[in-house]
Amino acid sequence: MDATPFPFGPHALPVLRRRYLARDAEGRVVETPEQMLARVAGAVARGEEPWGGAAAAREMERAFLGLMSQGLFLPNSPTLMNAGRELGQLSACFVIPVEDSLESIFEAVKETALIHKSGGGTGFSFSHLRPAGDVVASTRGVSSGPVSFMRVFDMATEAVKQGGTRRGANMGILAVSHPDIEAFIAAKRRPGVLENFNISVLVNDAFMAAARADGPWQLVNPRDGAVARTVSAAGLLEQMVQAAHQSGEPGLAFYEAINRGNPTPGLGPLEATNPCGEQPLLPHESCNLGSLVLPRFLKDGEVDFPTLEEAAALAVRFLDDVIEINRHPLPQVARASRLTRKIGLGVMGLADLLADLELPYDSPEAAALGREVMARIAAAARAASAELGQRRGSFPAFAASRLAGGWSHMRNATVTTVAPTGTLSLLLGCSSGIEPYFALAYTRRVLEERDLVEFNPRFLARLAALGLDTPEQRRTLAASGNATAIQGLPPELGQVFATAHEIDPEAHLAMQAAFQASTDNGVSKTVNLDAQAGPEQVRRVFTRAHALGLKGVTVFRSGCRGRQVLELLPLP
Ligand code: CDP
């Protein structure tokens, strides 16, 4: 077995070889992981040429390569896979509009297939489709409704899966006022249905207030605006709670919170997000994500903020150059994406950072640090985008945007997003996004046919330092996946290494809120609940998330069906 070179983690190589490294015409892998980073740096730096010529491109190529090869930053997977190669499609996130006509629906299916083929994920609002059983004028027949059409998207995704760079993922969103909302909420309760979809209900403040007051709620036909039915708001929320308790879905997306952060309301409201929910986008917009690797910014037991800010600024330049060289899969996507030039810089490895600092994830200090880290990154990223705007021109929709009030130039309508970093964190061997450790021992299903067994290296190191790393302790650890049954472990360490299900849901939400406070787009976060948690805990998480002003919320109860694209399975 080949050794994995820095900055990659111990399990990166099979994933890189299968999906990321360039191949020749016969399908043989023809580059090393280091050469992949060089390919990406070289290709992205070409985005400098219109402004600084070849000299600037060479200089930035070195800077980008340094940033990645020191393990400080990685762009989203499609950029790693496709930059400098024939495909050249570099974005992870897309939203495709679906209007209330067969033409629009099947045009969207086609667009989705092309995007999946290139490694991107797609989100849709199905809220504009007339409900099931509604009239179809031209045929005098009846409509199938959103849930039925979602199956078409699901099947298309399934069919494209084999040929694409990775399994396609979708987000289906339906407004809480749609007459088919109950069928939508229940759509994924049975296993094996809509498996290529995550689903979220788009709820608004009026609905949450009606549910709190136990008032009525009107379901409205989007075709003619007529009230189709009036239901109990609390009853409808309860259906979401029960379904999420059972299957982890639907998640909620909060309309007002998302649209308060809409930088370009003149271009229309934000009604849909990318597959994992962290990136609201307008119809046909795409977004390039990138993540800073937090534990790598520790110096002498503290976060080295000047270096973090410098890296954030360089990462913004990188992501803006990605827009320059991106080969968009569709002309409509190119147009919408260049109008706003959205990028999403975020973080990964928060749990590692906190473990290194010996801060329990659920401590107020950890949330305060998370808040400061993201605030510093966001400010540096904004400033970098403003500077780029001055030199290269603001994004074309800037003058009519909300940003024009406070800035004279801005290159990107949004600059920050906290992504799940499912594969990126695996490549670098760090914890994912801002999630706590899911388990201290687990198998990770990385590709369709492979499971990898892993112990948390930081925890093993601490056990070793205490003389507690014995085969028996490892067996104990493997059996439970957490530290609670380890003999002789100091209780403070148990708290530092508490896993997702041991952490109170309120602390999960507090961390999400800490990062959301200065993130332009959304924050990817799952609120984990233990297997015994009842529906009332799901209800509390939903209402708290709304009260905290979060853009969305996802719960996942231990043992219920998974929604993650990457499954993490505790041993045994
Ligand atoms: O780590 P990586 O860059 O591969 O992706 P991520 O941070 O886990 O996910 C970021 C976004 O990539 C998701 O929200 C989706 O839009 C997209 N994605 C996808 O389309 N298909 C996947 N299998 C994974 C992610």
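This report describes the ligand site and the empty spaces of a predicted model.

**The ligand and its shell**

The ligand is surrounded by 21 residues, and the closest among these are Ser77, Asn274, Glu278, Thr421 and Gly422. Sorted by class, the shell around the ligand consists of ten nonpolar, eight polar and three charged residues. Helix α15, which spans residues 422-428, supplies the largest share of this shell, namely three residues.

Several backbone atoms of the protein lie within reach of oxygen atoms of the ligand. The table lists three such pairs.

| Residue | Atom of the residue | Atom of the ligand | Distance |
|---|---|---|---|
| Leucine 424 | backbone N or O | oxygen | 2.9 Å |
| Glycine 121 | polar backbone atom | oxygen | 3.1 Å |
| Alanine 92 | polar backbone atom | oxygen | 3.2 Å |

On its own, the ligand has 520 Å² of accessible area, and the protein covers 95% of this area.

**The cavities**

Rolling a probe the size of a water molecule over the atoms shows where empty space is left. In this structure, three cavities of 30 Å³ or more are present.

The largest cavity holds about 50 Å³ of space. Its lining is formed by Ala351, Leu354, Ala355, Leu359, Tyr361, Pro436, Tyr437, Val496, Ala498 and Ile503. What is the chemical class of the residues in the lining of the largest cavity? The lining has ten nonpolar residues, with no polar and no charged residue. Helix α13, made of residues 350-356, gives the most to this lining, with three residues.

The second largest cavity has a volume of about 40 Å³. Around this cavity stand Ile258, Gly261, Pro263, Leu270, Pro280, Lys342, Asp520, Asn521 and Lys551. By class, the lining of the second largest cavity contains four nonpolar, two polar and three charged residues. The linings of the two cavities may thus be set side by side: no charged residue occurs in that of the largest cavity, whereas three charged residues occur in that of the second largest.

**A pocket**

The second largest pocket of the structure has a volume of about 250 Å³. It is lined by 13 residues, of which Ser101, Leu102, Arg130, Val136 and Phe149 are the closest to its centre. Six residues of the lining of this pocket are nonpolar, five are polar and two are charged.

Note on methods. Residues numbered from 1 in each chain as written. Predicted model: local features only at pLDDT ≥ 70, side-chain atom pairs only at ≥ 80, totals over all residues. Heavy atoms only, no water. Near = heavy atom within 4 Å. Polar contact = N/O pair within 3.5 Å; in protein donor to acceptor, adjacent residues only side chain to side chain. Areas by Shrake-Rupley, 256 points an atom, 1.4 Å probe, with all protein chains shown as cover. Helix = DSSP H or I, 4+ residues; strand = E, 2+ residues; numbered from the N terminus. Nonpolar A, V, L, I, M, F, W, Y, C, P; charged D, E, K, R; others polar. 1 Å grid on protein atoms, 1.4 Å probe; cavity = no way out; pocket = protein on both sides within 12 Å on 5 of 7 lines; lining within 4 Å. Points joined across faces, edges and corners; volume = space filled by probe spheres on them.
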